[in-house]
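I wanted to look up a few places in this structure and write down, entry by entry, what I found there. These are my notes, kept in the order in which I worked.

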Amino acid sequence: MYQGFYTIASGILMQERAISVLSNNLVNANTPGYKASRLIATTFEEQLLRVENGKDTRIGTAVPITVVSEAPTRYDSDSLVETGRPMDIAINGEGFFRIQAAPVQVNENAGATDLENTETAATEEGAVYLTRNGNFDIDEEGFLVLRGVGRVLGRRGEIDLNGSSSFVVDANGEIYGADGQYIDTLDVVVPGEDEAVERVGNSLFRFAGEAEGRTAEESTLVQKWLEKSNLDMNREYTMMMEAQRAFQSCSTALQILDRVNQQAAAQIAAL
């Protein structure tokens with residue numbers, strides 16, 4: 001009887017987590033460079049599989065409980081959309097921009113931007129983050145920044161545009177001022193061999209552990225364009241409805257099992 005409660009409860013928790021992941025995907029449908037997450041489930045027995053002293057040790061058998069294994073990110077790219085805004089830059093190919101976290105005061109006169117795309121993840125000042133979101137701005141000191149996160153990094157460090165939005169970015173990421181003077185080259189990186197990337201915000205990532213990545217050599221950059229999120233809205237809505245129906249079914253089953261348990265207890269007491 002109790003095993004039934006545990007099994008149904010695990011289903012409720014799983015669908016609750018699935019709804020949370022899908023809701024976050026839908027909320028960020030219009031966030032440039034956003035990468036969708038997917039929930040991967042496993043059985044309780046598999047989750048408790050541990051390797052000790054070189055031997056597999058299983059704890060518990062034949063347990064039908066399902067638990068969350070991981071919620072990995074899909075890194076496949078979507079199409080690019082033209083914005084006509086000089087601070088918008090898209091990566092055509094693999095790789096991430098590098099952003100050094102710091103409080104950002106945006107110069108609103110440098111060009112309009114979509115406040116909805118502000119990154120709200122908690123960042124550690126001075127830390128370097130990765131993003132595909134090229135919806136950049138210029139701060140009050142004239143540096144190229146990602147709103148709400150920090151300054152965009154080039155090969156020479158923080159990119160100083162002297163407050164001017166009249167700059168050109170070529171396909172190699174080289175930045176030139178209005179006078180044709182070379183400023184810097186955008187630092188676009190990819191994970192090196194055996195290196196991993198982990199999500200820390202809606203469109204923010206970082207290298208796992210001590211990894212530093214390497215320069216993306218085959219990617220090109222496109223100015224006045226942005227990368228769309230890689231969401232298929234029809235699929236997301238369908239999966240959301242499936243998760244909600246499954247959650248409701250588990251809730252109903254739990255209520256039925258509870259009533260059965262009460263009736264059994266009453267009949268036993270009558271004896």
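Entry one, the core. I kept in mind that this is a predicted model, and I began with its largest nonpolar core, which has 25 residues, those with the most contacts inside it being F97, F136, L144, L186 and L221. I then looked up which elements give two or more residues to this core, and I noted β6 (89-92), β7 (96-101), β9 (136-138), β10 (144-146) and β16 (188-190). The largest share, 3 residues, comes from β7.

Entry two, F136. I listed what F136 touches, leaving out residues up to four places away in sequence, and I wrote down R85, M87, D88, I89, F97, I99, L144, V145, L146 and V152.

Entry three, E227. I found E227 in strand β21, and I counted this residue as buried because its relative accessibility is 1%, where buried means under 20%. I also noted that the side chain of E227 makes a polar contact with the side chain of K35 at 2.5 Å, and another with the side chain of R132 at 2.8 Å.

Entry four, N230. I located N230 in the loop between β21 (225-227) and α3 (233-270). Is N230 buried or exposed? I recorded N230 as buried, since its relative accessible area is 3%. A polar atom of the N230 side chain lies 2.9 Å from the backbone nitrogen of A36. Finally, I compared N230 with P32, and I noted that they are 198 residues apart in sequence, while their C-alpha atoms are 9.2 Å apart in space.

Key. Residues are numbered from 1 along each chain as its sequence is written. This is a predicted model: local features need pLDDT of at least 70, side-chain atom pairs count only at pLDDT 80 or more; totals for chains, interfaces and linings use all residues. Side-chain values use heavy atoms; hydrogens and water are left out. Buried means under 20% relative accessible area, exposed over 50%, partly exposed in between (1.4 Å probe, protein chains only). A polar contact is a pair of N or O atoms within 3.5 Å; within protein, one must be able to donate a hydrogen and the other to accept it, and residues adjacent in sequence count only if both atoms are side-chain atoms. A nonpolar core is a set of buried Ala, Val, Leu, Ile, Met, Phe, Trp, Tyr and Cys residues joined through side-chain atoms within 4.5 Å. Contact means heavy atoms within 4.5 Å.
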